[in-house]
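Me: I am new to reading protein structures, and I would like a close look at one part of this one. Could you walk me through how its pieces pack together in the middle?

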Amino acid sequence: MEELIAFLKSRIVDANQSVVALRADSRHDEAALEQIRGNIYGIFVSVAQAAKARTTTPEELRAFFEGNLERIPSSWAVAREKAEAAGDTVRVVQEDVKLAAIQEVRDAYARLCGDAQ
């Protein structure tokens, strides 16, 4: 779990650096999307830290983290579909960024902590 936390923290740093660079270049919409991406990584740093603090066995840790890995983003695909149906392209793109970031978290979890599914 420590490796996952370190990876996610590095992704937060990357996202924050991108936000600064994009804002400096007056690319505020793209900066907002990078901020969303960084926020998703931050959420899962918190989940991983909570998993470590609240669990006593590897099985409990795994169940806690994986449960939140599914529960937290469960509404994002639905929100994306609703936004698409409403023609809200800004919201579609925002939800796409969240879904891409959560997939990156899942992939990193699988790679660093064992199978995520």
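Reply: Let's begin with a term you will need: an axis here is a line fitted to C-alpha atoms, for a helix over the stretch in contact, and the angle between two axes runs from 0 to 180 degrees between their N-to-C directions. Two packed helices are then described by that angle together with the distance between the axes. Please keep in mind that this is a predicted model.

First, the setting. The protein chain has five helices and zero strands, and from the N terminus on its elements run α-α-α-α-α. Its C-alpha atoms fill a box of roughly 45 × 35 × 20 Å, taken along the principal axes. Of the 117 residues, 35% count as buried. Take the contacts between residues at least 6 apart in sequence: 65% of them join residues at least 24 apart.

Now to the packing itself, beginning with H3 and H5. Their axes come within 11 Å and cross at roughly 160°. Angles over 145 degrees count as roughly antiparallel, so H3 is roughly antiparallel to H5. The crossing of this pair is left-handed. On the H3 side you can find Arg62, Phe65, Glu66, Leu69 and Glu70, which meet Ile102, Val105, Arg106, Tyr109 and Cys113 of H5. Sorted by class, this contact holds six nonpolar residues, no polar ones and four charged ones.

Next, look at H1 and H2. They pack at an angle of about 160°, with their axes 8 Å apart, and therefore they too are roughly antiparallel to each other. H1 passes H2 in a left-handed crossing. The residues of the contact between H1 and H2 divide into eleven nonpolar, six polar and eight charged.

These helices also share in the largest nonpolar core, a set of 21 residues. Helix H1 (2-24), helix H2 (28-54), helix H3 (58-71) and helix H5 (89-113) each supply at least two of its residues. The largest share, seven residues, comes from H2. The members that touch the most other members are Met1, Leu4, Leu8, Phe44, Phe65, Leu69 and Val105.

Phe44 is a good place to zoom in. Not counting residues up to four places away in sequence, Phe44 touches Leu8, Phe65, Asn68, Leu69, Ile72, Pro73, Ile102 and Val105. You have met some of these names already: Phe65 and Leu69 were on the H3 side of the contact with H5, while Ile102 and Val105 were on the H5 side.

Ile40 offers another view, from a place in helix H2. Is Ile40 buried or exposed? Ile40 counts as buried because its relative accessible area is 4%, and the cut-off for buried is under 20%. Leaving aside its neighbours within four places in sequence, Ile40 is in contact with Trp76, Lys98, Ala101 and Ile102. Ile102 is thus a partner of Ile40 and also of Phe44. Compare Leu8: Ile40 and Leu8 are 32 residues apart in sequence and 9.3 Å apart in space, C-alpha to C-alpha.

For contrast, try Asn16, which sits in helix H1. Asn16 is partly exposed, with a relative accessible area of 36%. From C-alpha to C-alpha, Asn16 and Ser46 are 17 Å apart in space, and 30 residues separate them in sequence.

Notes
Residues are numbered from 1 along each chain as its sequence is written. This is a predicted model: local features need pLDDT of at least 70, side-chain atom pairs count only at pLDDT 80 or more; totals for chains, interfaces and linings use all residues. Side-chain values use heavy atoms; hydrogens and water are left out. A nonpolar core is a set of buried Ala, Val, Leu, Ile, Met, Phe, Trp, Tyr and Cys residues joined through side-chain atoms within 4.5 Å. Buried means under 20% relative accessible area, exposed over 50%, partly exposed in between (1.4 Å probe, protein chains only). Helices (H or I, at least four residues) and strands (E, at least two) are DSSP runs, numbered from the N terminus. Contact means heavy atoms within 4.5 Å. Angles under 35 degrees count as roughly parallel, over 145 as roughly antiparallel, 65 to 115 as roughly perpendicular and the rest as oblique. A crossing is left-handed if the near helix is turned anticlockwise from the far one by less than a right angle, and right-handed if clockwise. Ala, Val, Leu, Ile, Met, Phe, Trp, Tyr, Cys and Pro count as nonpolar, Asp, Glu, Lys and Arg as charged, and the others, Gly among them, as polar.
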